[in-house]
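Colleague: I should like a close look at one part of this model, for a student in the first year. Please begin with the pairing of strands and then set that part within its surroundings.

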Protein chains: 2
Amino acid sequence: MSWNTLQQNRDARLQRARAALGNSLDGKSLPAVRIADLLHAVVECGDRVCLEGNNQKQADFLGHALANLDAARVNNLHMLQSVLALPEHLDVFERGVASKLDFSFSGPQAARVARLASAGKLNIGAIHTYLELFSRYFIDLPPRVCLIAAEAADRHGNLYTGPNTEDTPAIVEATAFKQGIVIVQVNKVVDTVPRVDVPGDWVDFVVQSPRPYYIEPLFTRDPAQISEIQVLMAMMAIKGIYAEYEVQRLNHGIGFDTAAIELLLPTYAESLGLRGKIGKHWALNPHPALIPAIEAGFVSSVHSFGSELGMEEYIHARPDVFAIGPDGTMRSNRAMCQAAGHYACDMFIGSTLQIDLQGNSSTATAGRISGFGGASNMGADARGRRHASPAWLKAGEQARAGRNTIPRGQKLVVQMVETFREHMQPAFVEKLDAWTLMEQAKMAIPPVMIYGDDVTHILTEEGIANLLLCRTDEEREQAIRGVAGYTPVGLGRDKRMVENLRDRGIITRAEDLGIDKRLATRDLLAARNMKDLVRASGGLYNPPKRFRNW
Amino acid sequence: MSWNTLQQNRDARLQRARAALGNSLDGKSLPAVRIADLLHAVVECGDRVCLEGNNQKQADFLGHALANLDAARVNNLHMLQSVLALPEHLDVFERGVASKLDFSFSGPQAARVARLASAGKLNIGAIHTYLELFSRYFIDLPPRVCLIAAEAADRHGNLYTGPNTEDTPAIVEATAFKQGIVIVQVNKVVDTVPRVDVPGDWVDFVVQSPRPYYIEPLFTRDPAQISEIQVLMAMMAIKGIYAEYEVQRLNHGIGFDTAAIELLLPTYAESLGLRGKIGKHWALNPHPALIPAIEAGFVSSVHSFGSELGMEEYIHARPDVFAIGPDGTMRSNRAMCQAAGHYACDMFIGSTLQIDLQGNSSTATAGRISGFGGASNMGADARGRRHASPAWLKAGEQARAGRNTIPRGQKLVVQMVETFREHMQPAFVEKLDAWTLMEQAKMAIPPVMIYGDDVTHILTEEGIANLLLCRTDEEREQAIRGVAGYTPVGLGRDKRMVENLRDRGIITRAEDLGIDKRLATRDLLAARNMKDLVRASGGLYNPPKRFRNW
């Protein structure tokens, strides 16, 4: 019996590569024009191929090259990807180069994923969260070839990823140590990298891409678009949840709802005397909306999944707050930050598209297979967690009061939605669209982003429903109806029971919190537009062009 | 406002080190005899200091040096440690150098931890699982100084950890990118390391230790000590759980119970036709007891938290199975393997000391503050997990059948215990000793290893209780009593109800599974002693001396 098949196969691939590239291979480096030759030489039919691409940086040059391979020579690839964001990510299936997919998120391409799946051109293994997908790379889905992106490489293959380290270390480690092939596109090849993010002996091939890798400023929200309803909801969040539980370690989802909270920390939260009491430690990308809170001394530290375009100089000038390398730029790490978001944070707060009567929430809609990203991981009670904090203990006490169970803490998981989203679609529904999608996409179970039994609070413009305090399924349903406003679900409430829940503090309205709704204006925002954010940063924040109208 | 205090403080420490060490500092290297000078120069009172030490490798030279510092100069350190295993780990508190502790496990030193805590010399922050503690290093507990261990370093500080990579990358990353000081003890300084496990520019000081770092072969179990009751329990596990749920991806705890299962895979499981159907992918250290199953082709892959002494040559010769670097030796990674154990495995199975009537289990006993290690993390339902597998779906269906909840999967968490442990202590109790310990150690909540609502099966010599199928607290209690044998808890059963649970398949006896108890002999073990394991390995396994009587 041979125990060395992976290594032998690796050697054969490397030999084919050397034969195909000949003199154009300079150590580990090859010219960009020879990328197809390299891929034809080292990729085998049926391979598991991990193409790096997250909601931020993309190994777009390599992805494009892969999609344009000769499908007669290379086909039936099993793609492993954090995010499907670019057209090439689907072209690879359209053209028959790949046929199977395991992934985490496909926001921009969700409709095309669904179309290709129902046309039989794309067989979905499963949808994951990021850390879950990385975990499988080490167990049952090790990549045979990985295609990654870095800022720079030296001639030994040492990689500098700069602030957008993101998924790279986890992908490369899983591939390299199972005798896979590691191919990296870099923005430039240099004599000495500013720091080593991935050691050169884990890397096989380096190609300088004709263009810098694509990067999406996904976490930038223009404060000009924040509504006064969002300001009101942010006030309720701060007074009714952050202050109530003394939340010091947390993660925010993406969106205007949480951006509003970030922008109210130095104004509204400051006026409540909450500086130093809430929002000190963050598992969060460098959100520009957090700048005023950082400047006001609200924030002690931020550890990031990835970076954010335009924030480089600001981060560099605030090394006490961010994780900075010896070269002075940030190092992010999606795997460790997801672990930290799950285990070292007391709260996740984010938005969703739909919530049902049990509190299950989903961003899935019919005809769009979009996935979960990181929300399911951070928006789940960390049942393996054991260290206590005031927020965690209080949530746990509320969940277990009067019950005959052993005491433990619980993570705060807050879903923050306006009762109607765009086009007057109700955010509250009797049945999630996820059920329809399950049937369409032949999934084993409906794709739920956050399960109802993990959600502790639902916050709308009508109030906060504290699900921890509900003792029966009926109470939970009425608590949800009681903040669902004029949606059909909200109108279907049992008014007496809802009033009873309010008396018991399970439902809290703005007025119950002593919030004067007249103060809920955009004047409370620490920055009202992009220019304000730049100003707050002392000119260090440099927003991408599309966010600038000056 | 200064935003650069960490960097300035780091620079001051480095300057003090250069001044103290003068010419004896050669680049990053210093002689072992100067270690106290270095530590006095770079460690400040009140620092958070992470001392590497797990249940396997120990930065023992650095730990010893730290414990012997002048407490008048360096005191009130806040120690961060995965495991407290060596006397030095407590000496540091005894001598007043440190006063606060955040940790994961203290097995061998648990009684002394409790004594020092009650004497007021050791203030416990919290007890964590490994991944949880690493997570906090990135959020609210970044180490100011870390003291780590590696196999070798080159003159640039590039580290080679060899097979025992373990916690090193997570600790160094968290420290180095928050401008902390990274000090490493190495077994040797070399010109070129066999591979780079940690890049040199993340490392500040290298000291060659007079002795190689201490390492404990914690996962080695001599098959000669496996009892026939353990063989019977292993048969029940294989037929009643592994086969029943088609468990392909899993983690085993430490101990003879699970070692027996490993040794029955090539014999009993093979006879049931289970090769290729169960036990293919493992998140597991290289257990010697797994050798016969590997040789029989049962095992596709093993990813490890750390390595195991004596397994080096065997691992080297089985590169298809283990994660192997370009140098031919394994790379382990505790953080990623814990993530994988949580998110990419369908089952955790392990032993415990005590189980209560709700299924809560704990290894805490009065007067011993021992901690959790990794079991709580892997023995918890991964609520952030979204990908399906047959095992996960079946467990989820059983848990939710007849209930009005949205379908989802669930992790299998099996607690395997004999009804009486050593000295005839019952494993089943009305109330866990954890409650007493909570009061003694002034903890906020009792230290539970695995919560009852995460446990899916309890397996004893009397049978298997499937808690997934229980529908009320009373059923759960009787299911537990029904496998608790002649312990007081077992004798307190409602016999009619237990028979009813058996009729419904909630309790399964060996005979219900068609297991002939007469076959449960040591003859079924694929290896009956250490020599058999060596033989099975083709002479590649080289057991540590204490396990050899030849």
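Modeller: In this predicted model, A:Cys50 stands opposite A:Leu80, a residue of strand 4 of chain A. The pairing to which this belongs joins strand 2 (residues 48–51) of chain A to strand 4 of chain A, in the parallel sense and over three bridges. Strand 4 of chain A also pairs with strand 5 (residues 98–105) of chain A, again in the parallel sense, here over six bridges. Within that second pairing, A:Met79 has A:Leu101 of strand 5 of chain A as its bridge partner. In general, the strands of a sheet are held in pairs by backbone hydrogen bonds, and the pairing may be parallel or antiparallel. Strand 4 covers residues 77–83 of chain A, and seven of its seven residues are buried, so that the strand is mostly covered; buried here means under 20% relative accessible area.

A helix of chain A shows a similar degree of cover. Helix 7 (residues 168–176) of chain A has nine of its nine residues buried, and it is therefore largely enclosed by the rest of the structure. Among these buried residues are A:Thr168, A:Pro169, A:Ile171 and A:Val172. The charged residue A:Glu173 is also on the list of buried residues in helix 7 of chain A.

Chain A also contains a further sheet. Eight strands form this open sheet, in the order 14-13-12-15-18-21-22-23, and the pairing is mixed. Strand 14 (301–303) and strand 23 (507–508) of chain A stand at the edges; each has a single partner strand, so one side of each is left without a neighbour in the sheet. An antiparallel pairing is found between strand 21 (residues 457–460) and strand 22 (residues 463–466) of chain A, which four bridges join. There, A:His457 stands opposite A:Asn466 of strand 22 of chain A.

The whole of chain A gives the setting for these parts. Chain A holds 19 helices and 23 strands. Its radius of gyration is 24 Å, close to the 24 Å that the globule rule gives for 550 residues, so chain A is as compact as a globular protein of that length. Along the principal axes, the C-alpha atoms of chain A fill a box of roughly 80 × 50 × 45 Å. Of the 550 residues in chain A, 66% are buried. Among contacts in chain A between residues at least 6 apart in sequence, 73% join residues at least 24 apart. The area that chain A exposes is about 18,100 Å², and carbon and sulfur atoms supply 49% of it. Chain A carries 60 positive and 62 negative side chains, and the centres of these two sets lie 2 Å apart.

Chain B may be described in the same manner. In chain B, eight strands form an open sheet in the order 14-13-12-15-18-21-22-23, with mixed pairing. Strand 14 (301–303) and strand 23 (507–508) of chain B are at the edges of this sheet, each with a single partner strand, so one side of each has no neighbour in the sheet. Strand 12 (residues 249–252) and strand 13 (residues 281–283) of chain B run parallel and are joined by two bridges. In this pairing, B:Leu250 has B:Trp282 of strand 13 of chain B as its bridge partner. In a regular strand, side chains alternate between the two faces of the sheet. In strand 12 of chain B, B:Arg249 and B:Asn251 point one way, while B:Leu250 and B:His252 point the other way, and all are buried.

Two single residues of chain B complete the account. B:Gly396 lies in helix 14 (residues 390–400) of chain B, and this residue is buried, with a relative accessible area of 1%. Leaving aside residues up to four places away in sequence, B:Gly396 touches B:Arg408, B:Gly409 and B:Gln410. B:Gly396 and B:Thr168 are 228 residues apart along the chain, and their C-alpha atoms are separated by 36 Å. B:Asp523 is placed in the loop between strand 23 and helix 19 (530–536) of chain B, and it counts as exposed, at 56% relative accessibility. From B:Asp523 to B:Val231 the distance is 9.4 Å, C-alpha to C-alpha, although the two are 292 residues apart in sequence.

Technical notes: Residues are numbered from 1 along each chain as its sequence is written. Chains are lettered from A and ligands numbered from 1 in the order in which they are written. This is a predicted model: local features need pLDDT of at least 70, side-chain atom pairs count only at pLDDT 80 or more; totals for chains, interfaces and linings use all residues. Side-chain values use heavy atoms; hydrogens and water are left out. Two strands pair if DSSP finds at least two bridges between them. The radius of gyration is taken over C-alpha atoms; the globule rule is 2.2 Å times the number of residues to the power 0.38. Buried means under 20% relative accessible area, exposed over 50%, partly exposed in between (1.4 Å probe, protein chains only). Contact means heavy atoms within 4.5 Å. Accessible areas come from the Shrake-Rupley method with a 1.4 Å probe; for residues, only the protein chains shown count as cover. The place of a charge is taken as NZ of Lys, CZ of Arg, CG of Asp or CD of Glu.
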